[in-house]
Amino acid sequence: MPTVSLNVGDPLHSRANFQSYPHYLDTYKRSYLPDLNRSSEPYDPYVPRGGEAPSGNAPRPAPGNSKTAALQADIDRTVDLMQKNIAKVAERGERLDDLQDKTDNLAVSAQGFRRGANRVRKNMWWKDMKMRIIIAVGVAILLVIIIVPIVKSTQK
């Protein structure tokens, strides 16, 4: 059996009354340890003495104990808030994944657009060059048609 030490002092006397020590021990056990030997289950500070763990549908404390009821209500609100926050974080993660997928698709599309734009730019440059060459050849032919008869008429 474990040893229990209890310092009992009487302010009027300098000595403790050792003959009444068992009385103090019995009073202490009855007052502060009511369930010490009555329960067959091991002690767990997180489980109420009823033996059941608290759950969402657990009975609330008696209305006479308003501090406990207020504290339990605060705990319930905090638990609800944390559950909502966890759900929001999960939804945010899903939205971030969707946004990442859309970003990747947009990057691929932008690369394809850049290649297509470069190809169109080169094609337009070649069309412009062909038109300039055709105009230059046309002007050269027109000049030949105009200059050759003038040169022949001046040589006669």
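This report describes the charged side chains of one predicted model, namely its salt bridges and a negative surface patch.

Because the model is predicted, local features need pLDDT of at least 70 and side-chain atom pairs count only at pLDDT 80 or more, while totals for chains, interfaces and linings use all residues. Residues are numbered from 1 along each chain as its sequence is written, and side-chain values use heavy atoms, with hydrogens and water left out.

Side chains of opposite charge can pair when their charged atoms come close. The structure holds two salt bridges, a salt bridge being a side-chain nitrogen of Lys or Arg within 4 Å of a carboxyl oxygen of Asp or Glu.

| Salt bridge | Closest N and O atoms |
|---|---|
| D74 with R77 | 2.1 Å |
| R132 with D128 | 3.4 Å |

D74 and R77 are three residues apart in helix α2, so about one helical turn separates them, and R132 and D128, which are four residues apart in helix α2, are likewise separated by about one helical turn. A helix here is a DSSP run (H or I) of at least four residues, numbered from the N terminus.

With a relative accessibility of 37%, D74 counts as partly exposed, whereas R77, at 52%, counts as exposed. In the other pair, R132 is exposed at 53% and D128 is partly exposed at 35%; exposed means over 50% relative accessible area, buried under 20%, and partly exposed in between (1.4 Å probe, protein chains only).

E91, E94, D97, D98, D101 and D104 form a negative surface patch, for which residues need over 30% relative accessible area and no salt bridge, like charges being joined within 9 Å. Of these residues, D97 lies in helix α2, which spans residues 66–155.

Definitions and conventions
Patch = residues over 30% accessible without salt bridge, like charges linked within 9 Å, V, L, I, M, F, W, Y side chains within 5 Å. Areas by Shrake-Rupley, 256 points an atom, 1.4 Å probe, with all protein chains shown as cover. Lys, Arg positive; Asp, Glu negative; His and termini not counted. Charge placed at Lys NZ, Arg CZ, Asp CG, Glu CD. Helix = DSSP H or I, 4+ residues; strand = E, 2+ residues; numbered from the N terminus.
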